[in-house]
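Subject: The two-chain model we talked about

Hi there,

Here is the structure I promised to pass on. Have a look at it first, and my notes follow underneath.

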Amino acid sequence: MLSVENLSFRYRRRGPMVLDGIDLELNGGEIGILLGRNGSGKTTLFRNILGICTPSGGAIRFGGEDFIRLPRREKARRVAYVPQDIRFGALSVYDSVLLGRVAYFGYRASRADHAVVERILAEMRLEACARRNVEELSGGERQKVAIARAMAQEPRLMIFDEPTGNLDIANEQQVLEEARKLARSKGIAILSALHDLNQAMAFGDRFFFIKAGKIRYAGGRDCFTPEVIKDIFDADIKIVEIGNQSIILGGISQ
Amino acid sequence: MDGYARKNLRRKRAVMLSLGLLTALLCVASLFIGSSHMSVADGVAALLKRSTAANNRIIWNIRVPRILAAMIAGAGLSVSGLIMQTVMNNAMASPSTLGVSNAAVFGANVSIIAFAGGFLSTGNNLKNYAVGANPYATGVMAFAFSMLSILLILGLCRVRAFSPNVVVLAGIAVGAVWTAATTLLQFYATDVGISAAVIWNFGDLGRATYRTDWIMLAVVTFGIAVFSLLAWRYNALLSGEAAAAAMGVNVELLRFVSLLLASMITAVCVSFLGVIGFVGIICPHVTKRLLGQDHRVALPVSALCGSLLLLAADDLSRSLGNGSALPVGAITSLLGAPFFVAVIFSGRENRPC
């Protein structure tokens, strides 16, 4: 469904390439994980796919449709964003989710927009706190509201930038489970950055390892080898099998 | 309309209603406050044009246009401040962030010092400064220079990205140029010129006439109407620039239109009335504390807050002045500065957690 072809991006003409020939494919319902060090181009790639930055070359397609040329509001109806630092001003949960409908209504929410918001609040079990101010909620709940807002855009792709960066273990699990359920049940593709390699392995279907603006490795769980991790992160790891689960141990000196 | 939103809206309506009532009450009361010691009975008679000619004139030619000016300019400055703070993502942004006021002061100073208040008059007597050959010359010059300043800064920012920091810094730089130019101008001015120029700098609602009121009303109404249409986009912007863009908001265009309109509102008010400080900072902050930042509510509420504050400050200035009205700009700033300090030190956003 999403296909990124030979995408390149630089901030200034003749400036250095920040993204260099990125190829990436993702189907509906699939969870893609982008892995790479800070500054490797993850966020820039996200900004390009979101339509915030305009690529310098290459193509982004949704089911064959040229995404780059779409008007901004049309883009927002296809791709939604769950940022790492979640701010809502001082809006209520209900209004925050309604924000996701701005790409549809523009000036004034219609009955249909309210209906979508109520459905999503019900689906995500957020009705109880619908009137509460988002600022009063815990980190995990806030993340859930951010996902609900993204859902209100009725997107085909959701982009998560480090969704668990500010969460404790319990909330981490909950948020990732929620996201996976949505992907599977609605056929929404998810592209996410995650720092924790074990979490990434458990959560993702496809993995893209990015280094210096290039995708170096792409594929399934078998991509996680000590050699790949050494190349991408310059870190030594060991993979141990416990039952049928592989667990990555970091900080191993050899 | 759904159940959740309805309950929430009820409280907001209550606040809006009470602010509206308060403004209306103060507006009526202001009719009977002034330096002429007119009794309330005389005032009511004059409102019906049944009192003495002098009283009729005081009510209809002095107090009514003044009250209208306070309400219109108060609302305009306050809403401009709110929008500036939102689009710059900066609690300290104000209607004059683009150097509008400094430019207006320079324009007015040129008109007063170089042209003695009007283009035809060259005399050095105070009467010329007060009246001028053309009563609009000073206002027009102030407006022309503030527009020039706005366009200069917006043009500068168009070259680089429209990031809030660039805009704020450009505003500071250009504002400093106008202030320096004003200083130079005043250095070469005569004593009378300087005093006339300084008096212009004090905001004074007494300069308002029906004609200036209508012009201000047109600009402020237009601005508030556009801002209200864009309320959801401002709400989206509260989640951050990238998030807003991902929600389909054209952030750069929104910022450009908002800065232009907010600065124009400010330019018109300042040009006709002189510099009225801090309304554009106090009122948006009070509004946000009262009802949060949802722009569907914050826009009308901050407009009402602005009207209320400027009306109250003007009433204060007229009753404390002992015969003549104190400059209202000084009163709003006197109220504003301590409040500003309080905001800085109580802000939740300044604590590390």
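**Loops with a positive phi**

A:Glu162 of chain A sits in the loop that runs between β7 and α7. Before I go on, please keep in mind that this is a predicted model. The phi of A:Glu162 is positive, about 50°, although the residue is not a glycine. That caught my eye because most residues other than glycine have a negative phi. A:Glu162 counts as partly exposed, because it has 18 C-beta neighbours inside 10 Å, and a residue needs 20 or more to be buried.

A:Arg14 is another non-glycine residue with a positive phi, here about 65°. Its place is the loop between β1 (2–9) and β2 (19–26) of chain A. Is A:Arg14 buried or exposed? A:Arg14 is exposed, because just 5 other C-beta atoms lie within 10 Å, and 12 or fewer is the cut-off for that class.

**Helix α6 of chain A**

A positive phi also turns up just after α6(A), where A:Glu154 has a value of about 45°. The helix itself has 14 residues, and from its first C-alpha to its last it reaches 20 Å, close to the 20 Å expected at 1.5 Å a residue.

How many residues of α6(A) are buried? The count is 11 of 14, so the helix is mostly covered. The buried residues include A:Arg142, A:Lys144 and A:Arg149, along with A:Val145, A:Ile147 and A:Met151. They pack against β6, α3, α5, β7 (157–161) and α7 of chain A.

A:Glu141 belongs to α6 (residues 139–152) too. This residue is partly exposed, because 18 other C-beta atoms lie within 10 Å, short of the 20 that would make it buried. The C-alpha atoms of A:Glu141 and A:Val4 are separated by 32 Å, with the two positions 137 residues apart along the chain.

**The two domains of chain A**

The domain assignment divides chain A into domain 1 (2–78 + 155–249) and domain 2 (87–154). Taken over C-alpha atoms, the centres of these domains are 25 Å apart. Their contact involves 14 residues from domain 1 and 11 residues from domain 2. On the domain 1 side, the elements that give two or more residues are α2 and α7 (169–186) of chain A. Of these, α7(A) gives the most, with 6 residues. By class, that side of domain 1 has 8 nonpolar, 3 polar and 3 charged residues.

**Where chain A meets chain B**

Between the chains, 28 residues of chain A are in contact with 24 residues of chain B. On the chain A side, two or more residues come from each of α1 (42–50), α2 (72–76), β6 (79–82), α3 (93–99), α4 (102–105) and α5 (111–123). Which element gives the most to this side? That is α2(A), with 4 residues. The chain A side is made up of 15 nonpolar, 5 polar and 8 charged residues.

**Chain B and the core**

Chain B has 15 helices and 0 strands. Of its 353 residues, 50% count as buried. Among contacts in chain B with a separation of 6 or more, 75% are between residues 24 or more positions apart.

The largest nonpolar core has 171 residues, and those that touch the most other members are A:Val97, A:Ile159, B:Ala73 and B:Met247. Helix α3 (residues 53–88) of chain B supplies the largest share of this core, 15 residues. The core also draws at least three residues from each of domain 1 and domain 2 of chain A. Leaving aside neighbours within four places in sequence, B:Ala73 is in contact with B:Met216, B:Cys269, B:Leu273, B:Ile276 and B:Leu310.

**Confidence**

The model scores ipTM 0.90 and pTM 0.89. Chain B has a mean pLDDT of 84, with 88% of its residues at 70 or more. Which stretch of chain B would I read with care? Over residues 118–133 the pLDDT is below 50, although this stretch has 29 contacts in the model beyond near neighbours in sequence.

Happy to talk any of this through.

Best wishes

How values were computed
Residues numbered from 1 in each chain as written. Chains lettered and ligands numbered in written order. Predicted model: local features only at pLDDT ≥ 70, side-chain atom pairs only at ≥ 80, totals over all residues. Contact = placed C-beta atoms within 7 Å. Nonpolar A, V, L, I, M, F, W, Y, C, P; charged D, E, K, R; others polar. Core = buried A, V, L, I, M, F, W, Y, C linked by C-beta atoms within 7 Å. Domains from an automatic or database assignment. pLDDT = per-residue confidence, 0-100. Expected span 1.5 Å × (residues − 1).
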